Amino acid sequence: MDIILYAVPGFFLLIAIELIAEKVRGTNYYRVNDAVTSLTTGVLSELMKVVLLLIPFTIYVVVHENFALFTLPDTALVWVIAFVLYDLSYYWKHRFGHEMNLMWAAHVVHHSSEEYNLSTALRQTSGGTIGFLFYLPMALLGFEPLMVATVGALNLIYQYWVHTQHIGKLGWYENFFVTPSNHRVHHAQNGVYIDRNYGGVFILWDRWFGSFQEELEEDPPIFGIRGAVKSWNPIWVNLQVYNQLLQDCIHTNNWWHKLTIWFRRTGWRPPDVIERYPLVKTDLDNFHKFDPVLTRSGKVAATIGYVLNSGVALTMLLNLQQLVVGQQLAVIAYLLLSTYSVGALMEGKASAVLFECVKNLVFIVAIWWLTPLNAFTISAMTLSALSVVVLSVRSNRSEPAKTTVKP
């Protein structure tokens with residue numbers, strides 16, 4: 001089983017603690033629509049690992065078994081070295097994830113939130129590209145595939161806690177390790193902060209390779225990306241930059257640019273495309289968060305939708321070996337449809353309420369007919385019925401969007 005699944009209860013416990021801190025301190029770092037989008041994007045990411053991780057893992061295994069230069073013992077020292085080398089490999093993968101169009105198209109998902117809290121940490125991409133190549137040198141050095149997978153999971157788990165605004169600078173610790181302060185810099189779109197602080201666990205790599213930037217009191221981070229997504233649809237959040245690259249590829253008349261746009265520096269566009277199809281970037285001097293009005297019933301329904309999707313996804317992941325490929329694909333298709341539906345609801349789209357009600361009623365019938373009744377299935381049907389009632393009592397109709405100005 002993916003070790004990350006074992007950490008999920010801890011993730012949500014820390015979110016609960018952060019929400020308590022939010023209440024006590026009177027801060028405003030969470031919005032339901034943004035948090036649900038982040039959490040749902042995380043669910044999709046875990047699901048797509050079932051489909052997408054097999055190929056890079058298989059390549060790693062092949063390289064290790066056929067080309068490894070050394071046979072390493074299974075000792076504590078080797079594990080420590082693996083952990084450090086993994087973070088160094090992650091640093092360069094992460095850096096290229098910001099500096100190459102194709103890799104940014106995948107990584108941008110994690111930066112698309114205009115909030116910064118522990119739910120943001122779970123906003124992960126559902127489709128990697130060539131990032132796994134950065135770990136192949138570890139295969140050549142002889143590090144076992146399962147060892148690398150394990151230290152990789154530990155690396156990712158460490159990165160979770162640094163996604164908070166409730167922890168300030170941590171003194172000497174800032175000099176060696178990634179912290180909430182220096183990672184806030186990484187998520188900011190201010191000019192001084194862009195493309196800085198790539199480390200996963202150790203900030204030493206940034207200090208050594210010239211990409212470090214300290215958080216400045218006089219320049220508070222403005223979170224998000226210059227080309228704001230302006231959507232609560234997790235599917236579109238994953239596809240936005242890929243779509244832009246594809247459109248630029250189609251529209252340019254230069255064949256060399258069609259071939260190379262994917263591997264050029266992030267943000268590069270063919271000159272003839274820029275002239276015909278200019279993009280408007282975020283004006284940080286007049287910054288507004290994307291924040292369509294969401295009624296209280298809409299918030300309740302969206303939260304229920306996330307809980308249901310998470311339950312279905314977790315059930316699938318825990319019972320993966322018992323499901324045939326067709327069943328796995330059916331669950332993934334349902335979850336894609338459901339996440340789109342919840343996103344449309346939070347954006348106030350006219351058809352979203354009806355769509356959500358029909359989806360939940362179909363879900364209730366499917367559960368009733370196709371699965372045995374137990375505590376989980378009864379809870380799922382109850383939540384679906386509650387969502388229908390909430391939406392029926394007070395529908396979440398489209399309203400003029402409100403905006404939140406960054407203080």
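Colleague: Is Glu 215 buried or exposed?
Modeller: This is a predicted model, numbered from 1 along each chain as its sequence is written; local features need pLDDT of at least 70, side-chain atom pairs count only at pLDDT 80 or more, and totals for chains, interfaces and linings use all residues. Side-chain values use heavy atoms, with hydrogens and water left out. Buried means under 20% relative accessible area, exposed over 50%, and partly exposed in between (1.4 Å probe, protein chains only). Glu 215 has 14% relative accessibility, so this residue counts as buried.

Colleague: Between which helices is the loop that holds Glu 215?
Modeller: Helices are DSSP runs (H or I, at least four residues), numbered from the N terminus. The loop with Glu 215 lies between α10 (204-209) and α11 (234-251).

Colleague: Which side chain makes a polar contact of 2.6 Å with the side chain of Glu 215?
Modeller: A polar contact is a pair of N or O atoms within 3.5 Å; within protein, one must be able to donate a hydrogen and the other to accept it, and residues adjacent in sequence count only if both atoms are side-chain atoms. Glu 215 makes one such contact with the side chain of Arg 184, at 3.0 Å. The contact at 2.6 Å is with the side chain of Ser 181.

Colleague: Which residues is Glu 215 in contact with, leaving aside neighbours within four places in sequence?
Modeller: Contact means heavy atoms within 4.5 Å. By that rule, Glu 215 is in contact with Lys 169, Ser 181, Arg 184, Val 185, Tyr 193 and Pro 221.

Colleague: What is the relative accessible area of His 163?
Modeller: His 163 sits in the loop between α8 (145-160) and α9 (180-187). This histidine touches Glu 18, Tyr 116 and His 183, among others, not counting residues up to four places away in sequence. His 163 is buried, because its relative accessible area is 2%.

Colleague: Which side chain makes a polar contact of 3.1 Å with the side chain of His 163?
Modeller: The partner is in helix α5 (residues 101-111). At 7% relative accessibility, the partner counts as buried. Its contacts include Thr 120, Gln 124 and His 187. The side chain that His 163 meets at 3.1 Å belongs to His 110.

Colleague: What distance separates the C-alpha atoms of His 110 and Asn 238?
Modeller: These two residues are 128 residues apart along the chain. Their C-alpha atoms are separated by 9.4 Å.

Colleague: Now the helix pairs. How many residues in the contact of α1 with α8 are nonpolar?
Modeller: Helix α1 (residues 3-25) and α8 pack at about 5°, with axes 11 Å apart (axes are lines fitted to C-alpha atoms, for helices over the stretch in contact, and angles run from 0 to 180 degrees between N-to-C directions). That makes the two roughly parallel, because angles under 35 degrees count so, while over 145 is roughly antiparallel, 65 to 115 roughly perpendicular and the rest oblique. Residues making the contact include Phe 11 of α1 and Tyr 160 of α8. Nonpolar covers Ala, Val, Leu, Ile, Met, Phe, Trp, Tyr, Cys and Pro, charged covers Asp, Glu, Lys and Arg, and the others, Gly among them, are polar; here none is polar, none is charged, and the nonpolar residues number 11.

Colleague: Are α14 and α17 roughly parallel or antiparallel?
Modeller: The axes of α14 (residues 296-318) and α17 (residues 375-393) come within 9 Å and cross at roughly 160°. That makes α14 and α17 roughly antiparallel.

Colleague: Is the crossing of α14 and α17 left-handed or right-handed?
Modeller: A crossing is left-handed if the near helix is turned anticlockwise from the far one by less than a right angle, and right-handed if clockwise. The crossing of α14 and α17 is left-handed.

Colleague: How many residues in that contact of α14 with α17 are polar?
Modeller: The contact residues include Ile 304 and Gly 311 of α14, with Ser 384 and Leu 391 of α17. In this contact 12 are nonpolar, none is charged, and the polar residues number five.

Colleague: What is the relative accessible area of Val 393?
Modeller: Val 393 is found in helix α17. Its C-alpha atom is 8.4 Å from that of Ser 297, 96 residues apart along the chain. Val 393 is exposed, because its relative accessible area is 67%.

Colleague: What is the relative accessibility of Asn 197?
Modeller: Asn 197 lies in the loop between α9 and α10. Its phi is positive, about 60°, although Asn 197 is not a glycine. Asn 197 counts as buried, because its relative accessibility is 1%.
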